[in-house]
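The following exercises are intended for a reader who meets this structure for the first time. Each task is followed by a solution in steps.

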Amino acid sequence: MSNKITVPLLDLKAQYATIKEEIDSAVHAVLESQYFIMGPTVAECEKQIAEYCNCAHAVGVTSGSDALIIALMAEEIGPGDEVVTSPYTFFATAGAIARLGAKPVFVDIMPDTYNIDPVKIEAAVTERTKAIIPVDLYGQCCDLDPIVEIAKRHGVPVVEDAAQAIGAEYKGRRAGSMVEYGCFSFFPSKNLGAGGDGGMVVTQDDDRAAKLKMLRMHGSKPKYYHPIIGGNFRLDAMQAAIVSAKLPHLDDWSAGRQSNAERYRKLFDATGLVQSGTVKLPMVAPERRHIYNQFVIRVARRDELRAYLKENNSGTEVYYPVPLHLQECFAYLGHKPGDFPHSESAANETLALPIYPELTGEQAGYVVECIVRFYA
Ligand SMILES: *Cc1c(COP(=O)(O)O)cnc(C)c1O
């Protein structure tokens with residue numbers, strides 16, 4: 001075994017090397033125009049993302065976190081309201097709810113896909129429920145049909161946290177296109193990353209799109225007249241230019257991630273670790289296009305394995321080590337360990353391996369070899 005192999009969790013320099021001219025010229029065009037706020041570059045990016053997601057509208061915003069906030073603001077969610085969501089997600093999902101003064105109401109995940117369990121949502125809905133935020137974790141759509149059905153029956157909108165899932169599909173339909181709001185992030189580590197922060201809200205609804213556009217400009221329409229209170233939630237032109245330059249490559253990158261996932265499956269199968277139950281591979285639910293923002297395995301002695309891989313120059317990450325119901329800032333919600341057992345065991349056992357499109361067969365093979373050695 002070679003000791004010279006290094007496997008980062010993500011290698012954005014490798015990606016940049018393949019598209020440097022396109023990115024550089026897109027950035028230069030914005031510099032030449034000196035049109036930094038809104039304008040044609042942002043409008044063009046929104047048009048392209050709407051089309052890619054099969055949605056009528058896309059509204060560029062500052063980040064994925066703000067995409068969630070502005071969608072909840074558009075529904076006028078605030079103190080006294082409840083929003084149902086998953087405790088096993090990035091903080092921003094529940095943070096958006098709490099920042100508006102509303103109460104996050106958690107519902108446990110399914111242990112195989114790590115996405116919210118639709119069967120458990122009904123019991124969490126009360127007359128104070130004002131929205132449901134399911135999360136498409138790791139790049140795989142949650143089970144949207146039953147979620148949409150429950151939401152419709154209770155007359156509340158679905159805000160899909162699709163930050164990790166741009167281009168993912170459920171029964172042939174794109175993430176974000178089946179619900180009232182789809183929220184995307186252009187954080188650099190997502191499948192479609194900007195050169196900094198950025199995000200987008202997609203919707204099929206003309207009125208909701210118009211309200212989102214007002215809200216991101218301090219609730220103004222026309223300029224300097226404010227029927228509602230919003231904020232500065234604008235996507236800036238430099239980020240929009242980079243997103244637009246990268247979008248034509250997104251399907252190739254997602255395909256690269258999918259073939260790396262297949263390679264990991266074959267490599268792991270050959271080790272016997274899957275058959276013995278030592279390593280659990282990610283489950284792809286039926287009728288899904290999984291875009292593998294993360295390839296997450298499930299193992300015993302996870303933290304020791306992670307340290308061993310680090311010693312051997314392999315990057316990994318834990319998404320996420322503490323489920324949200326047990327975060328210090330949410331102590332006021334009164335949860336205790338055991339409340340959401342599937343989320344808690346996932347937080348203890350999951351480990352994301354490098355899956356970025358430029359990962360080589362040699363690197364993937366090395367990661368698996370290290371894991372075999374660790375459990376030997
Ligand atoms: C990345 C992410 C966000 C937040 O996106 P930012 O652009 O970093 O603000 C929200 N939810 C999930 C599930 C994410 O992965």
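Helices and strands are here DSSP runs, a helix having at least four residues and a strand at least two, and they are numbered from the N terminus. The model is a predicted one.

**Exercise 1.** Determine how the chain is divided into domains and describe the contact between them.

*Solution.*
Step 1. The domain assignment places residues 13–248 in domain 1 and residues 250–375 in domain 2.
Step 2. Taken over C-alpha atoms, the centres of domain 1 and domain 2 are 25 Å apart. To their contact, domain 1 gives 47 residues and domain 2 gives 36 residues.
Step 3. Between them the two domains bury about 3700 Å², and carbon and sulfur atoms account for 58% of this area.
Step 4. The interface of domain 1 and domain 2 holds zero salt bridges under the rule applied, while 26 residue pairs are in polar contact between the domains, both residues being at pLDDT 80 or more.
Step 5. On the side of domain 1 that touches domain 2, the elements that give two or more residues are helix H1 (12–33), helix H4 (92–99), strand E3 (103–106) and strand E6 (169–170). By class, that side has 26 nonpolar, eleven polar and ten charged residues.

**Exercise 2.** Identify the residues that come nearest to the ligand, and give the polar distances for Ser 65, Asp 161 and Lys 190.

*Solution.*
Step 1. There are 16 residues around the ligand, of which Gly 64, Ser 65, Gln 164, Ser 185 and Lys 190 come nearest.
Step 2. Two side chains are then paired with ligand oxygen: an N or O atom in the side chain of Ser 65 is 2.5 Å from an oxygen atom of the ligand, and a polar side-chain atom of Lys 190 is 2.6 Å from an oxygen atom of the ligand.
Step 3. For Asp 161, the partner is a nitrogen atom of the ligand, 2.8 Å from an N or O atom in the side chain.

**Exercise 3.** Locate the cis peptide bonds at Pro 222 and Tyr 320 and the positive phi of Gln 34.

*Solution.*
Step 1. As a starting point, most residues other than glycine have a negative phi, and most peptide bonds are trans.
Step 2. Lys 221 and Pro 222 are joined by a cis peptide bond with omega of about -10°. Pro 222 lies in the loop between helix H6 (206–215) and helix H7 (237–246).
Step 3. A cis bond also joins Tyr 319 and Tyr 320, with omega of about 10°. Tyr 320 belongs to the loop between helix H9 (302–311) and helix H10 (341–349).
Step 4. Gln 34, although not a glycine, has a positive phi of about 55°. Its place is in the loop between H1 and helix H2 (40–52).

Conventions: Residues numbered from 1 in each chain as written. Predicted model: local features only at pLDDT ≥ 70, side-chain atom pairs only at ≥ 80, totals over all residues. Heavy atoms only, no water. Domains from an automatic or database assignment. Contact = heavy atoms within 4.5 Å. Buried area = accessible area lost by both parts, 1.4 Å probe. Salt bridge = Lys/Arg side-chain N within 4 Å of Asp/Glu carboxyl O. Polar contact = N/O pair within 3.5 Å; in protein donor to acceptor, adjacent residues only side chain to side chain. Nonpolar A, V, L, I, M, F, W, Y, C, P; charged D, E, K, R; others polar. Near = heavy atom within 4 Å.
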